Amino acid sequence: MGDTQFHFPCEEDNVQCKLASKRPRAFFQLDNRLEFQPGTLVNETLRQGKESCIRIESRFANRVQRQALDLLISSLDQKPAALIINGDLTDFGHHHQLQEFRQFWYNNFSIPFLLGLGNHDYENNINDCALNFCAHTMLSWYAEYVKNRSLVADIERKTINFDVEFSGSLAYTERVCSSSGKTCAFVIQLNNAIDYSVSFSSVFVQWNLTSPMKYVHNELNLLKGTSLPILLNMHKCENIHIHKVKMMLTRWLAGIKTELESNKKMPRVGVFYAHMHQRHEVHLHCIQGIKVPFVYVGSVPNNRFSKFDFNGVNGTVTGYKARDSLLHNGEILEKLETIDLWGPCDSNEHYIFADHVTRKRWLHLRKSREQAMKVNS
């Protein structure tokens, strides 16, 4: 999943979350998007009220998501190897936001985490927070996180005079396996986007963050002979970002195609990301005749997430919608569609993880259009 994002409003389509903030929103003259109603004379009290409504929605969505994941994990015969969170752990990198993420998720979860950072964690905060302390807070914590987890990350720390300099992309590759050790996958975890780089300084610290493209290229070449799935994770992957990822995978698959055909192997590589809160969908792209999934994994503000299942040959992704038990008669999980990820490919495919209400609405609209066409004919 992605975007725990303490503290960020829910998506408008997240009806259960908007119900949780309905009364305080009305009191502070806020609409469904948490914008002030037209004609409102905004003062400090109303601004603070807006911030409190944002916190209400953020904490509600995280609570509902956490309960759903706890239920799903406890119901499985075998626990998942890891929970991957693809960025935007916080909304602005403030220390209290990071602490809330740690207390609510990181410090007391039943399975290991594989984390990445997103644009809200550091990119958006550079030169927009005193002494760049917000971005520095998240990056320094993340550097400690990969170190404490014994993850071999693309980061180098140097001491120059009395200053500290960090250089690299912060990307890492981890082999994750089931408890039996029989089923494994390689997770390549990036931060933010495939082409993002920046240099900035905070108090006595210089950060020189490079694009992870070179790192990913090298890792893919190291893994070219593997029969295990390769999960390429990042936060943002749209517009120019997705084009660059596709070009990289096209070159890589073209370079190993002859070797794979002679060994009768089918590479299994996929790209997984978040960022666009409202999107929860799978695009199966044909690259060198091979099916490559590009997956919006789901976000907390939309109370969506995805479960990936692998065996020696196949892989699937299943979408889930997290529900508040009080609003849905004790139901916490809605299981959505399950989609096959890999295999030969002739044409691109697109799937949207639609919940029951959305599917019902689509059916109603289709029937209305069909009736209108009959009338017109």
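Here is a short friendly conversation about how some labels on this predicted model are earned.

Me: What should I know before we start?
Reply: This is a predicted model, so local features need pLDDT of at least 70 and side-chain atom pairs count only at pLDDT 80 or more, while totals for chains, interfaces and linings use all residues. Residues are numbered from 1 along each chain as its sequence is written, and side-chain values use heavy atoms, with hydrogens and water left out.

Me: Why is Asn303 called buried or exposed?
Reply: Its relative accessible area is 0%. Buried means under 20%, exposed over 50%, and partly exposed in between (1.4 Å probe, protein chains only). Since 0% is under 20%, Asn303 counts as buried. Asn303 also has a positive phi of about 50° although it is not a glycine.

Me: And what makes Leu131 buried or exposed?
Reply: Leu131 has a relative accessible area of 62%. That value is over 50%, so Leu131 is exposed. Its phi is near 60°, again positive in a residue other than glycine.

Me: Which label does Leu327 get, and why?
Reply: Leu327 has a relative accessible area of 43%. This lies between 20% and 50%, so Leu327 is partly exposed.

Me: What makes Val15, Leu19, Leu326 and Leu327 a nonpolar patch?
Reply: Patch residues have over 30% relative accessible area and no salt bridge (a side-chain nitrogen of Lys or Arg within 4 Å of a carboxyl oxygen of Asp or Glu). Like charges are joined within 9 Å, and nonpolar side chains (Val, Leu, Ile, Met, Phe, Trp, Tyr) within 5 Å. Leu327, at 43%, is over the 30% limit. Together the four have about 430 Å² of accessible area, computed by the Shrake-Rupley method with a 1.4 Å probe, where only the protein chains shown count as cover for residues.

Me: How do you know what lines the largest pocket?
Reply: On a 1 Å grid over the protein atoms alone, a pocket is an open set of points with protein on both sides within 12 Å along at least five of seven lines, and lining residues have an atom within 4 Å of a point. By that rule, 32 residues line the largest pocket, and Pro80, Ala81, Ala82, Phe308 and Phe310 lie nearest its centre.

Me: Which strand gives the largest share of that lining?
Reply: Strands (E, at least two residues) are DSSP runs numbered from the N terminus. S12 (304–310) gives the largest share, six residues.

How values were computed
1 Å grid on protein atoms, 1.4 Å probe; cavity = no way out; pocket = protein on both sides within 12 Å on 5 of 7 lines; lining within 4 Å. Helix = DSSP H or I, 4+ residues; strand = E, 2+ residues; numbered from the N terminus.
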